[in-house]
Amino acid sequence: MVVYESEEARSRDPADAERFDASYEALAGADITFRRGMCSRPGDIDDPEAASIVSDRGMGALPVCIFQGVDIAVGEYPSDQDLADFLDVPDGVLSVDRTKGPAMGNDLPPACSCRPVR
């Protein structure tokens, strides 16, 4: 995961920037790290997806969070729920616990072989 941000984005929503900083520190304390990039111009962005977003929308699109080549937050910091779920954070590290994703086809229990009730 990488989060591209700017001083302008931080000043636009300082409360969310502070929440994100605290979450980043909590994750670091649990040995979970990701990259943050402070950007002052589009050339500071080295991820193709993030660069495309900023090219299309301008620097005002920051912060942009990219996880495995896909944007998961644009124009805002990733929520604690996104951080918990995407980074597989143990419960109790952030303000929320992980949620379970939808069941995959092979995770479903076997179909019931019961006869219909009449």
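**Note on the predicted model: burial, helix α2 and the sheet**

1. Of the 118 residues of the protein, 34% count as buried. The model is a predicted one, and the points below should be read with that in mind. As for the surface, the protein exposes about 7,500 Å², of which carbon and sulfur atoms supply 50%.

2. The secondary structure consists of four helices and four strands. Along the sequence these elements follow the pattern β-α-α-β-α-β-β-α. Among contacts in the protein with a separation of 6 or more, 54% are accounted for by residues 24 or more positions apart.

3. Helix α2 spans residues 14-29 and so comprises 16 residues by the DSSP run that defines it. From its first C-alpha to its last, α2 reaches 22 Å, close to the 22 Å expected at 1.5 Å a residue. After α2 comes D31, a residue whose phi is positive, near 60°.

4. Which residues of α2 are buried? They are D16, A17, F20, S23 and L27. These residues lie on the same side of α2, because the arc they cover around the axis is only 125°. The list includes the aspartate D16 and the serine S23 as well as A17, F20 and L27.

5. The opposite face of α2, turned away from its buried side, carries the exposed residues A15, E18, E25 and G29. Buried here denotes under 20% relative accessible area, and exposed over 50%; by these cut-offs D16 is buried, whereas its sequence neighbour A15 is exposed.

6. What covers the buried residues of α2? The cover includes two strands, β1 (2-5) and β2 (35-38), together with two helices, α1 (7-12) and α4 (80-86). Both of these strands belong to the sheet, in which β2 stands beside β1 in the order.

7. The four strands form an open sheet in the order β2-β1-β3-β4, and their pairing is mixed. The edge strands are β2 and β4 (70-74), each of which pairs on one side only. From one strand to the next, the twist averages 20°.

8. At the β4 end of this order, strand β3 (residues 64-67) pairs with β4 in the antiparallel sense, over four bridges. One detail of the β4 strand may be checked directly in the model: V70 is the bridge partner of F67.

9. In summary, α2 has its buried residues on one side and exposed residues on the face turned away from that side. The edge strand β2 is also among the elements covering the buried residues of α2.

Key: Residues are numbered from 1 along each chain as its sequence is written. This is a predicted model: local features need pLDDT of at least 70, side-chain atom pairs count only at pLDDT 80 or more; totals for chains, interfaces and linings use all residues. Side-chain values use heavy atoms; hydrogens and water are left out. Buried means under 20% relative accessible area, exposed over 50%, partly exposed in between (1.4 Å probe, protein chains only). Contact means heavy atoms within 4.5 Å. Accessible areas come from the Shrake-Rupley method with a 1.4 Å probe; for residues, only the protein chains shown count as cover. The expected span of a helix is 1.5 Å times one less than its number of residues. The arc is that of the directions from the helix axis to the C-beta atoms. Two strands pair if DSSP finds at least two bridges between them. Axes are lines fitted to C-alpha atoms, for helices over the stretch in contact, and angles run from 0 to 180 degrees between N-to-C directions.
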